[in-house]
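Here is an informal walk through one protein model, written for someone at the bench. Have the sequence and the 3D view open as you read.

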Amino acid sequence: VSLSPGPLSGVVTVGVTALGAGGEESGVEPFVLTLSEQSIVVSSNDSRTLRLYVSPPNHETLYYQGDLRGQHVVTEVRDDTDRLVTDGLRPFPACSMLASHHGVIVGALDRYVVMSEPMMPHLHNPVAGFFQYASPVNLLVATDGGVFIGTDDATYFLSGLETDPSQLLALNVGAIAGTGVALPDGRAA
């Protein structure tokens, strides 16, 4: 990202995402610029399909400005296009156990349980998309209402994974690795 003389003034945010083979969009950490009668020049030699997003001056929402092929000069910001929805998201981490609950993937990573974004199994919110436990997670069992999480110390139940995740202490008894099973009637044992 570089600047050249132009018509834009104010605080502008710029982000570039990459599209995967299935059309899935990557996460992005946007770049904030303060402009004073300038244009934004964004360039890349990445061979993947890249999508350029820019916010109007002094606004927070980033809008699609076109595909980035080599170099793109932004002299005006369109705000009638797709909005960036993968801001701050990261690739889903490698986990030792996985479970799926409706449109969310749940994974165990030592003492953490991480959740993908709803309908985006490849992306994870590193700020809000996890729960931490006192001992390693050794059991994940999905049910219709949520996911049971077993640790050495206790068993928990996560619900609302698609909207507002919450946790309850299900049992004050730990779980033995590999003993969880989803029953045909939708319950877990």
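## Aromatic pairs

First, a working rule: rings of Phe, Tyr and Trp (its six-membered ring) count as a pair if their centres lie within 6.5 Å, and planes under 30 degrees apart are called stacked, over 60 edge-to-face, and the rest tilted. Keep in mind that you're looking at a predicted model. By that rule, the count here comes to 4 aromatic pairs. One of them is Tyr133 with Tyr156: the ring centres are 4.9 Å apart and the planes meet at 40°, so this pair is tilted.

Where do Tyr133 and Tyr156 lie? Tyr133 is in the loop between strand E11 (130-132) and E12, while Tyr156 belongs to strand E14, so the pair ties together parts that are 23 residues apart in sequence. Both partners are tucked away: Tyr133 is buried, with a relative accessible area of 4%, and Tyr156 is buried too, at 18%. The cut-off for buried is under 20%.

## The chain as a whole

How many helices and strands does the protein chain have? The tally is 0 helices and 15 strands. The radius of gyration is 21 Å, well over the 16 Å that the globule rule gives for 189 residues, so the chain is more spread out than a compact globule. If you box in the C-alpha atoms along the principal axes, you get roughly 65 × 30 × 25 Å.

Of the 189 residues, 38% are buried. As for contacts with a separation of 6 or more, 50% of them come from residues 24 or more positions apart. For a feel of the distances, take Asn45 and Asp144: they are 99 residues apart in sequence, and their C-alpha atoms are 46 Å apart in space. Asn45 is in the loop between strand E2 (31-44) and E3, and it is exposed, with a relative accessible area of 79%.

## The five-stranded sheet

An open sheet of 5 strands runs in the order E4-E3-E1-E2-E5, with antiparallel pairing. At its edges are strand E4 (63-68) and strand E5 (70-74), each of which pairs on one side only. Neighbouring strands in this sheet are turned by 35° against each other on average, ignoring direction.

Inside that order, strand E1 (residues 2-18) and strand E3 (residues 50-54) run antiparallel and are joined by 5 bridges. Look for Thr17, which stands opposite Arg51 in E3. Arg51 has another partner to check out: its charged end sits over the ring of Tyr64, 3.9 Å from the ring centre.

Thr13 is also worth a click. It lies in strand E1 and counts as buried, at 12% relative accessibility. Not counting residues up to four places away in sequence, Thr13 touches Pro30, Phe31, Val32, Tyr53, Val54, Ser55 and Leu62.

## The four-stranded sheet

Another open sheet has 4 strands in the order E12-E13-E14-E15, and its pairing is antiparallel. Which strands stand at the edges? They are strand E12 (137-142) and strand E15 (166-171); each has a single partner strand, so one side of each is left without a neighbour in the sheet. The twist averages 25° from one strand to the next.

Strand E13 (residues 146-151) and strand E14 (residues 155-159) pair in the antiparallel sense over 5 bridges. Gly146 has Ser159 in E14 as its bridge partner. E14 is also the strand that holds Tyr156 from the tilted pair.

## A hairpin and a strand residue

Strand E7 (residues 97-101) pairs with strand E8 (residues 104-109) in the antiparallel sense, through 5 bridges. Together E7 and E8 form a hairpin with 2 residues between them, and His102 in the turn has a positive phi of about 50°. Ser100 stands opposite Ile105 in E8.

To finish, find Phe130, which lies in strand E11. Is Phe130 buried, exposed or partly exposed? With a relative accessible area of 33%, Phe130 is partly exposed. Leaving aside its neighbours within four places in sequence, Phe130 is in contact with Tyr112, Val113, Val114 and Met115. The C-alpha atoms of Phe130 and Ala99 are separated by 14 Å, and the two residues are 31 residues apart along the chain.

Conventions:
Residues numbered from 1 in each chain as written. Predicted model: local features only at pLDDT ≥ 70, side-chain atom pairs only at ≥ 80, totals over all residues. Heavy atoms only, no water. Pairing = 2+ DSSP bridges. Axes fitted to C-alpha atoms, helices over the stretch in contact; angles between N-to-C directions. Buried < 20%, exposed > 50% of the residue type's maximum accessible area, 1.4 Å probe, protein only. Lys NZ or Arg CZ within 6 Å of the ring centre and 35° of its normal. Rg over C-alpha atoms; globule rule 2.2 N^0.38 Å. Contact = heavy atoms within 4.5 Å.
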